[in-house]
Amino acid sequence: LAGRLYVVDTYYWDSQTYGQIKHTSVLAGKPALAAGKIYFGKHGKLEGVNYASGHYRPTIAAPTFMHRWMEMNGLNVTALDWNGRTSWTIENCDEYDWTSVAIPELFDGAKDSKKLDRSCRDLTTGPTWQLKEDVRR
């Protein structure tokens, strides 16, 4: 993540020139924290995030990092629909080792573990948390 969010608008993507867009092609096969879909409404308003990716298969950490990053940047995290994998629950927040997180210039588990855990809990128990069927390859 390193403070970067990559989005490809499939409406404007020239598939004849560039081929069909895949998660892996956006970063040329480099590692990614997560992949999925972002939903925009009128006038470019961000409405939702979906983490059901068949390739990257993100863990509960991915939406937690995004949730915390948005909080840190003053964005209203309760205004979004957060679509998690059907297997994710608040128990995943307990199981994840937040102290081991090391994302340069963004999160340091030693300092940020409590805030990350809180974000995970707020996210998975919030009114906008929805579980969707997992994408299968």
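This report covers the sheet, helix H3 and an aromatic cluster in a predicted model.

**The sheet**

Four strands make up an open sheet, ordered S1-S2-S3-S6. Its pairing is mixed. Strands S1 (37-40) and S6 (129-132) stand at the edges; each has a single partner strand, so one side of each lacks a neighbour in the sheet. From one strand to the next, the twist averages 20°.

Inside that order, S2 and S3 run parallel and pair over three bridges. Val-49 has its bridge partner in S3: Trp-82.

The table lists the strands whose residue ranges matter here.

| Strand | Residues |
|---|---|
| S1 | 37-40 |
| S2 | 46-50 |
| S3 | 81-85 |
| S4 | 102-103 |
| S5 | 107-108 |
| S6 | 129-132 |

**Helix H3**

Helix H3 spans residues 61-72 and packs on the sheet. H3 touches S2, S3 and S6. The direction of H3 makes about 160° with that of S3.

How far does H3 reach from its first C-alpha to its last? The span is 16 Å for twelve residues, close to the 16 Å expected at 1.5 Å a residue. After H3 comes Gly-74, with a positive phi near 75°.

Why is H3 described as largely enclosed by the rest of the structure? Ten of its twelve residues are buried, so the surrounding structure largely encloses the helix. The buried set starts with Ala-61, Ala-62, Pro-63, Thr-64 and Phe-65. It continues with Met-66, His-67, Arg-68, Trp-69 and Met-70. Charged and aromatic side chains are therefore both represented, including Arg-68 and Trp-69. The cover over these buried residues includes S2, S3, S4, S5, helix H5 (109-125) and S6.

**The aromatic cluster**

A search of the whole structure turns up five aromatic pairs. One of them joins Phe-65 to Trp-98. Which geometry does the pair of Phe-65 and Trp-98 have? The pair is edge-to-face, with 6.2 Å centre to centre and 80° between the planes.

This pair links distant parts of the chain. Phe-65 belongs to helix H3. Trp-98 sits in the loop between helix H4 (90-95) and strand S4. The two residues are 33 residues apart. Are Phe-65 and Trp-98 buried or exposed? Both Phe-65 and Trp-98 are buried.

The contacts between rings extend beyond this pair. Ring pairs join Phe-65, Tyr-96, Trp-98 and Phe-107 into a cluster. Phe-65 thus ties the two topics together: it is one of the buried residues of H3, and it is a member of the ring cluster.

Note on methods
Residues numbered from 1 in each chain as written. Predicted model: local features only at pLDDT ≥ 70, side-chain atom pairs only at ≥ 80, totals over all residues. Heavy atoms only, no water. Pairing = 2+ DSSP bridges. Axes fitted to C-alpha atoms, helices over the stretch in contact; angles between N-to-C directions. Contact = heavy atoms within 4.5 Å. Phe/Tyr/Trp six-rings, centres within 6.5 Å; stacked < 30°, edge-to-face > 60°. Buried < 20%, exposed > 50% of the residue type's maximum accessible area, 1.4 Å probe, protein only. Expected span 1.5 Å × (residues − 1).
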